[in-house]
Amino acid sequence: MGAGRVCKGGASARPSSSSSSFSLAPQPPSETASTSVTETVNGSHQFKITGYSLSKGMGIGKYVASDTFTVGGYEWAIYFYPDGKSMDDAAAYVSLFIALASEGTDVRALFELTLLDQSGKEQHKVHSHFGRTLEGGPYTLKYRGSMWGYKRFFKRTSLEASDYLKDDCLSVSCSVGVVRSRTEGPKIYSIPVPPSNMAQHFARSPVFRAQLFGPMKDRNMQCIKVEDMEATVFKALLHFIYWDSLPDMEELTGLNTKWASTLMAQHLLAAADRYALERLKSLCEVKLSVMQTDGFEYLKVSCPSILTELLEYVARVGEHSIVTSAYGNEALDGSDVNGRRVKPRI
């Protein structure tokens with residue numbers, strides 16, 4: 001680590017001919033990036049059907065429905081057909097469907113319909129999209145009342161002899177995963193920078209002022225030895241003290257890299273905190289806030305109080321992002337328009 005000296009009556013540091021200061025307002029990075037994130041908003045509903053034997057004979061196409069439930073901003077309902085949904089099956093099968101129960105257009109979703117084994121053996125009858133690679137992607141419900149499910153969910157004679165029916169009751173679980181897409185852009189923060197007060201405070205640092213001119217100063221001391229600070233960082237600190245601006249960081253470090261400039265700003269931020277230079281701290285925070293870097297790990301070790309202050313500030317600042325939706329292939333009766341079916345998992 002380097003060391004420097006601050007002397008009484010010393011000559012001011014001269015800026016380099018090509019010196020430049022950090023922008024006082026956050027500027028967008030020269031290279032920008034964004035990410036499209038597509039994920040599902042998941043939810044489930046348990047539907048218990050009591051008095052199964054009494055529901056038989058209500059007629060083909062007639063159903064009992066669950067209460068509506070909300071997943072992904074849409075209302076859904078489970079429909080159970082004791083005598084089946086299709087006239088072609090002559091009431092030989094029970095039918096089970098999930099339906100979009102609210103207004104919506106081209107709602108894309110994943111589904112799972114499960115008939116629960118009530119014997120405790122966990123041999124549930126499961127039809128699921130989750131955890132599978134679907135050739136056509138998620139299924140699309142075009143409008144309110146659109147359904148996905150199975151006309152021939154279970155043969156009635158087999159169902160009535162199974163462990164799925166207990167005490168004349170059936171228990172159905174339905175899971176829905178509504179597909180959502182969003183675009184995440186670069187995060188831009190606005191950090192206020194105090195105006196220059198150089199004309200009112202020629203002794204820029206309260207710490208240096210106390211050491212050089214305060215009541216606790218050593219009368220015989222002409223210089224202050226600065227420990228544990230790199231020479232380039234101290235040079236930048238002195239440049240700010242005398243000129244109220246920052247030197248060209250690339251010229252100062254001799255490295256034309258974003259990482260080097262960021263690391264210098266981090267060191268300088270710690271030095272500004274050490275010598276109570278509030279305006280310099282704000283300038284460094286502006287620089288760091290518009291750079292995408294993992295270099296903040298350095299602050300955890302070198303100056304944790306500054307890191308805490310930065311994080312608390314950033315948490316209060318709103319982030320700008322663009323939100324979009326994407327939706328597309330209708331599924332009905334356990335298959336899409338091309339006849340692909342979801343295999344049952346028993």
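Leu113 has Cys174 of strand 11 as its bridge partner. Strand 7 (residues 107-115) and strand 11 pair in the antiparallel sense through seven bridges, where pairing requires that DSSP find at least two bridges between two strands. Strands (E, at least two residues) and helices (H or I, at least four) are DSSP runs numbered from the N terminus.

The model is predicted: local features need pLDDT of at least 70 and side-chain atom pairs count only at pLDDT 80 or more, whereas totals for chains, interfaces and linings use all residues. Residues are numbered from 1 along each chain as its sequence is written, and side-chain values use heavy atoms, with hydrogens and water left out.

Strand 11 (residues 169-184) also pairs with strand 2 (residues 35-50), an antiparallel arrangement joined by 16 bridges. Within strand 11, Ser171 stands opposite Lys48. Of the 16 residues of strand 11, 12 are buried, that is, under 20% relative accessible area with a 1.4 Å probe, counting protein chains only.

The largest nonpolar core comprises 34 residues, and those with the most contacts inside it are Trp76, Ile98, Phe111 and Val176. Such a core is a set of buried Ala, Val, Leu, Ile, Met, Phe, Trp, Tyr and Cys residues joined through side-chain atoms within 4.5 Å. Strand 7 gives the most to this core, namely six residues. Phe111 touches, among others, Trp76, Tyr139, Trp148 and Val176, contact meaning heavy atoms within 4.5 Å. A second, separate core of 27 residues includes Leu212, Phe234, Ala236 and Leu268.

The chain as a whole contains nine helices and 14 strands. Of its 346 residues, 41% count as buried.

Terms used:
Buried means under 20% relative accessible area, exposed over 50%, partly exposed in between (1.4 Å probe, protein chains only). Lists of a residue's contacts leave out its neighbours within four places in sequence.
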